[in-house]
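Got a structure open and not sure where to start reading it? Let's go through it together, one feature at a time.

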Amino acid sequence: MTTNWDNFVEIYDWEFDLLNESQKRDVAMWESLCREYGPKVLEIGAGTGRISLQLAKSGITLTAIDNAPSFISKLKQRNIYPNLSVLVDDMLTLKSTQKFDFCFLSYSTFQYLLTREEQVKCLTSISKILVRNGRVGFDLDPHICDLPELNHKVLLYKEYNTEKKCFVSMFTKHKVDKVNGITSWNDEYFFHNSKNDVCTHNLSLKEISLGDMKSLFSETGFCMEAVYGGFEFEPYNDESERMIIIAKKNKGSEEL
């Protein structure tokens, strides 16, 4: 299922603020990690800049990339910081000629990769743009396939959007493929305006375990340094809502 981000960019930030209050706590965590592992930082899957703009404001030097041109265009319009570079790039084939000390993939970005082949390709690509002993950080959802099947669309919310000057009704359904460990969402947005505009958005995420990540690291020249269960660096366990992983590039992995 293809993720059509371009149709979604106009309401992405508004919906994030509406539904993901707890996720906003990740900014302070990434700032702490950037200061520990920087100074040169790469954010992969930066979207419209929710995290990167705040990091740049705090003085961190970073490059923000995303493979959705409409999101990068919006981020560029917002960027007023000389220490923030903004580029369209793909995590499977990173084109940067720079070397970074630390890169990170926030808010389940790595889980958009639905096959092991893609995961290996991504980590190999990251290894090439990291300095020797550089680090990479991941924020993963370990419970992607824990949802009950929802085969018919239900109303998740109806809220007023001040920018659009109308109410927006969002209907969602999802399919859980436990065999392949993938949950796919199909969302539909109705704008209660004079045109009755409609926007659809599809999204699929891959469940991934701590064991999966260790195996991927072993194959691609990384070693796991730390794993946390949340944005305050609390210990990870099977009940943790998030899985925060820090991995270090091994010596000699430049040739991979």
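What follows is a short dialogue about a predicted model.

Q: Let's start with the open sheet. In what order do its strands come, and how do they pair?
A: Read across the sheet, neighbour by neighbour. Here seven strands run S3-S2-S1-S4-S5-S11-S10, and the pairing is mixed. The edges are strand S3 (84-88) and strand S10 (222-228); each has a single partner strand, so one side of each has no neighbour in the sheet. On average, neighbouring strands of this sheet are turned by 20° against each other, direction ignored.

Q: How many bridges hold S10 to strand S11, and in which sense do they pair?
A: S10 and S11 (residues 243-249) are joined by six bridges in the antiparallel sense. For one concrete pair, look at cysteine 223, whose bridge partner in S11 is lysine 248.

Q: Which strands does H2 touch where it packs on the sheet?
A: For a helix on a sheet, check contacts and then direction. H2 touches strand S1 (41-44), strand S4 (100-105), strand S5 (130-140), S10 and S11, and its direction makes about 160° with that of S4. Helix H6 (residues 210-220) packs on the sheet too, touching S5, S10 and S11, with its direction at about 155° to that of S10.

Q: Is aspartate 26 buried or exposed?
A: Relative accessible area settles that: under 20% counts as buried. Aspartate 26 has 0%, so it is buried. This residue lies in H2 (residues 26-37), and its contacts, leaving out residues up to four places away in sequence, are Arg50, Ile51, Ser106, Asp139 and Phe231.

Q: How do I read a hairpin, say the one formed by S6 and S7?
A: Look at the pairing, then the turn. Strands S6 (residues 150-161) and S7 (residues 166-177) run antiparallel, with eight bridges between them. Tyrosine 160 has phenylalanine 167 in S7 as its bridge partner. Four residues sit between the strands, and lysine 165 takes a positive phi near 60°.

Q: And what does the S7 and S8 hairpin look like?
A: S7 and strand S8 (residues 182-191) are antiparallel and joined by 10 bridges, with phenylalanine 171 opposite glutamate 188 in S8. There are four residues between these strands, and glycine 181 in the turn has a positive phi of about 70°.

Q: What do Leu18, Leu19 and Leu156 form on the surface?
A: Those three make a nonpolar patch, with about 240 Å² of accessible area together. Leucine 156 sits in S6 and counts as partly exposed, because its relative accessibility is 47%.

Technical notes: Residues are numbered from 1 along each chain as its sequence is written. This is a predicted model: local features need pLDDT of at least 70, side-chain atom pairs count only at pLDDT 80 or more; totals for chains, interfaces and linings use all residues. Side-chain values use heavy atoms; hydrogens and water are left out. Patches are made of residues with over 30% relative accessible area and no salt bridge: like charges are joined within 9 Å, nonpolar side chains (Val, Leu, Ile, Met, Phe, Trp, Tyr) within 5 Å. Accessible areas come from the Shrake-Rupley method with a 1.4 Å probe; for residues, only the protein chains shown count as cover. A salt bridge is a side-chain nitrogen of Lys or Arg within 4 Å of a carboxyl oxygen of Asp or Glu. Helices (H or I, at least four residues) and strands (E, at least two) are DSSP runs, numbered from the N terminus. Buried means under 20% relative accessible area, exposed over 50%, partly exposed in between (1.4 Å probe, protein chains only). Two strands pair if DSSP finds at least two bridges between them. Contact means heavy atoms within 4.5 Å. Axes are lines fitted to C-alpha atoms, for helices over the stretch in contact, and angles run from 0 to 180 degrees between N-to-C directions.
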